[in-house]
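Work through the following exercises with the predicted model open beside you. Each one sets a task and is followed by a stepwise solution.

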Amino acid sequence: MKNLISFLLLIVFLFNTNLFSQNNESTLKFNFSERFRMVMWDNAIDLNDAGTSNQNFARIKTSFGMNYKPNSDLEFNLKLTNEFRYYFTPSTADLHLNEIFIEQLYVKLHNNTLLPGNLTVGRQNIMLGEGFTVFDGYAGDGSRSAYFNAIRYDWLYDAKNTFTGFFAYQPTEDFLPVINGKDIDPSFQGKDSYAMVEQSEKTAALYYIGKLEKNEIHGYGIWKHIDFDGTKVVPKSDILTIGSRVKLATSEQTNITAEAAYQFGSYGDYDRAAYAGYAYLTILPKIKESYLPQLINIGTFLLSGNDLSTDNYEGWEPIYSRWPKWSESLIYTSLKENQGRVAYWSNMLSIYLQTKFQLGNGFALDLNYYQLFAMQETAKTTFLSGSGKNRGGLITSKLSYKISDTVTGHIVWENFTPGNFYFDGADGFNWARMEFLFQI
């Protein structure tokens, strides 16, 4: 890994002899953010009013960073972060200040000669498309971070065509130095630091974006290898995902977005054959009244599930999309269904309606409804019925507000009514979060 990074830096240096020269464009910027969240839910994990999964806690995230550009072709970025939680329920939970870790540490180099574009080496955030396959490099720490340990190159072929390639290595725990690494909430404790992911992973990807007027087409191929280590939740696996995303402007007020992907490879000794996709129609009414929506999405998404009657493994692997794309609350309900893996979006079908209102004075409101199903019935467990495909109905809402250029926030409320996919007598739940974010 180190030899490869050195080689790439040498190549770029050879093509740009003025790489480290300073000029009048040299800049050094510092940034700081403080995020306060209050989170509460009743039984989002076990769907049982008599259970003990109720939680109410504050999570405070502090970040400090710097960005240095000696010239227009070179950039250095560093970001340090700490997030800790204070639990009100359960009241027996101890306070842990948790570690200070390196959230970002990368160098970006702009190349003007052979294959002009940008090379980014180090710890960085990567989002492809709208995050359907690649967005969060680590699901184990929630929204604490989303980084990849990666080498990425963006080939800027022309103003309308971009090719992106990256290689990432995601071990189960942080391999860079941390401060206070032993003082971790037991819920997230690994061997010496946070348990970032259940098993270490390696990934290589190629992603293309083409634009024609108001239309876009994306195409990609992603290889992911899951090692048989850590807690050994799943067998050693190799997943190759190929897919495409399109966005078509059908009129001045409507557009259609769709993405479809297919997976093959291995799941231990089984052959993998999985698929997933989504499609939605966006309507942008030219209405200024705050009581009517300024955006409407009508859509569907599906994520294949494993068919127990075949010799293949058909369950969709969410690659690096284990984040709250559709719901902040259902990511916890997935724990008992997917061997303790949070936000494991798989075996799901939904028809949904999303609306967005602009309320004025810096306020906006999102109101959404999802009717949810399973693609495949599962074996009966204490949590799953084994005889139904109706997951239930989900209402999500988000009130966003902007107090100033430096202070923003939101209030989220979600309600879920379970169907017959879950055990008989499963109870619904409420999930809520309030956030204040200060950043300069």
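The exercises below concern a nonpolar core, a charged residue and several salt bridges.

**Exercise 1.** Identify which residues of the largest nonpolar core touch the most other members, and which strand gives the most to this core.

*Solution.* Begin with the core itself, which holds 60 residues, and among these Phe301 and Leu303 touch the most other members. Turning to the strands, β12 (residues 270–283) gives the most to this core, with four residues. Then follow the surroundings of Phe301: leaving aside residues up to four places away in sequence, its contacts include Gly277, Tyr278, Trp326, Met348 and Tyr370. As a general background, nonpolar side chains in soluble globular proteins tend to be buried together.

**Exercise 2.** Determine what surrounds the side chain of Arg341, a buried residue with no salt bridge.

*Solution.* First place the residue: Arg341 is found in the loop between α2 (330–333) and β14 (348–360). Next, look for a partner of opposite charge; the nearest such side chain, that of Glu317, is 4.9 Å away, whereas a salt bridge requires a nitrogen to oxygen distance within 4 Å. Then consider the polar contacts, where the side chain of Arg341 reaches the backbone oxygen of Asn338 at 3.0 Å and also makes a polar contact with the side chain of Tyr344 at 3.5 Å. Finally, when residues up to four places away in sequence are not counted, Arg341 touches Glu198, Val233, Val234, Arg322, Ser334 and Leu335.

**Exercise 3.** Describe where the partners of the Glu99–Arg144 salt bridge lie, and whether they are buried or exposed.

*Solution.* The count of salt bridges comes to 21, and in one of them the side chains of Glu99 and Arg144 meet at 2.5 Å, N to O. The pair links distant parts of the chain, with Glu99 in the loop between β3 (74–89) and β4 (100–111) and Arg144 in the loop between β5 (117–124) and β6 (148–158), 45 residues apart. Both Glu99 and Arg144 are buried.

**Exercise 4.** Trace which residues are joined with Glu130 into one network by salt bridges that share partners.

*Solution.* Start from Glu130, which forms a salt bridge with Lys325 whose closest N and O atoms are 3.0 Å apart. Glu130 lies in the loop between β5 and β6 and Lys325 in the loop between β13 (295–303) and α2, 195 residues apart, and both are buried. Next take Arg245 and Glu216, whose side chains meet in a salt bridge at 3.8 Å, N to O. Arg245 lies in strand β10 (residues 237–249) and Glu216 in strand β9 (residues 215–226), so this pair ties together parts 29 residues apart in sequence. Arg245, at 8% relative accessibility, counts as buried, while Glu216, at 24%, counts as partly exposed. Salt bridges that share partners join Glu130, Glu216, Arg245 and Lys325 into one network.

Note on methods
Residues are numbered from 1 along each chain as its sequence is written. This is a predicted model: local features need pLDDT of at least 70, side-chain atom pairs count only at pLDDT 80 or more; totals for chains, interfaces and linings use all residues. Side-chain values use heavy atoms; hydrogens and water are left out. A nonpolar core is a set of buried Ala, Val, Leu, Ile, Met, Phe, Trp, Tyr and Cys residues joined through side-chain atoms within 4.5 Å. Buried means under 20% relative accessible area, exposed over 50%, partly exposed in between (1.4 Å probe, protein chains only). Helices (H or I, at least four residues) and strands (E, at least two) are DSSP runs, numbered from the N terminus. Contact means heavy atoms within 4.5 Å. Lys and Arg count as positive and Asp and Glu as negative; His and the chain ends are not counted. A polar contact is a pair of N or O atoms within 3.5 Å; within protein, one must be able to donate a hydrogen and the other to accept it, and residues adjacent in sequence count only if both atoms are side-chain atoms.
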